[in-house]
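Work through the following exercises with the model open beside you, and attempt each task before reading its solution.

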Amino acid sequence: MMAKAFYIENMKEDVIEMLYKLVINLKKRCVDQLENARNLTFVSYHLTCYLGLSGRYDEALALCNEAIEIGGKNYAFNYLPELKYNKAYCLHHLNRHDEVEALIHQAYYGCLSHEEKFLADEIKERAEKNFGIIIK
């Protein structure tokens, strides 16, 4: 919530710095691997959003890849669909379109598998609007 408030107040760099510090802190303390992976993917997802909105696509892409790997290794699947969508978004803006459609479908069906119909519908709508990808 603090990140969103800072972003609304046009303090984008403060948001990014705060979330980066949180990611570093989470990486340092591995008390419970699953809980840490869940928290790390959650914070990483939000950080990739703000990095993408700031046009820092390479950084966001690297963080998406790292968080997807950590989430997959530790069975922390909650934010993987959103991270895959963000990865597709970054690849699209970096003119690397080879993986975009597959990632969009993975994000969409990942949301459905988590029973997040509202988010799946949002991804479906954004995919058509932003990427011209139609999900049937």
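**Exercise 1.** Determine which residues of helix 5 meet which residues of helix 6, and describe how the two helices are arranged.

*Solution.* Step one is the contact list: P81, K84, Y85, K87, A88, L91 and H92 in helix 5 meet V100, L103, I104, Q106, A107, G110 and C111 in helix 6, where contact means heavy atoms within 4.5 Å. Sorted by class, these residues are 9 nonpolar, 3 polar and 2 charged (Ala, Val, Leu, Ile, Met, Phe, Trp, Tyr, Cys and Pro count as nonpolar, Asp, Glu, Lys and Arg as charged, and the others, Gly among them, as polar). The model is a predicted one, in which local features need pLDDT of at least 70 and side-chain atom pairs count only at pLDDT 80 or more, while totals for chains, interfaces and linings use all residues. Residues are numbered from 1 along each chain as its sequence is written, and side-chain values use heavy atoms, with hydrogens and water left out.

Step two is the geometry. The axes of helix 5 (residues 80-93) and helix 6 (residues 100-113) come within 8 Å and cross at roughly 160°, which makes helix 5 roughly antiparallel to helix 6 (angles over 145 degrees count as roughly antiparallel, and those under 35 as roughly parallel).

**Exercise 2.** Establish how helix 5 is oriented relative to helix 7, and which residues meet.

*Solution.* Begin with the axes, which for helix 5 and helix 7 come within 12 Å and cross at roughly 5°; helix 5 is therefore roughly parallel to helix 7. Then list the contacts: E82, Y85, A88, Y89 and H92 in helix 5 meet L119, I123, R126, N130 and F131 in helix 7. The residues of this contact divide into 6 nonpolar, 2 polar and 2 charged.

**Exercise 3.** Identify the residues nearest the centre of the second largest pocket, and the helices that contribute to its lining.

*Solution.* Of the 15 lining residues, Y45, C49, Y85, N86 and R126 lie nearest the centre of the second largest pocket. Helix 3, helix 5 and helix 7 (117-131) each give two or more residues to this lining, which by class has 8 nonpolar, 4 polar and 3 charged residues. Finally, connect the exercises: Y85 of helix 5 is among the residues that meet helix 6, Y85 is also among those that meet helix 7, and Y85 is one of the residues nearest the centre of the second largest pocket.

Technical notes. Axes fitted to C-alpha atoms, helices over the stretch in contact; angles between N-to-C directions. Helix = DSSP H or I, 4+ residues; strand = E, 2+ residues; numbered from the N terminus. Parallel < 35°, antiparallel > 145°, perpendicular 65-115°, else oblique. 1 Å grid on protein atoms, 1.4 Å probe; cavity = no way out; pocket = protein on both sides within 12 Å on 5 of 7 lines; lining within 4 Å.
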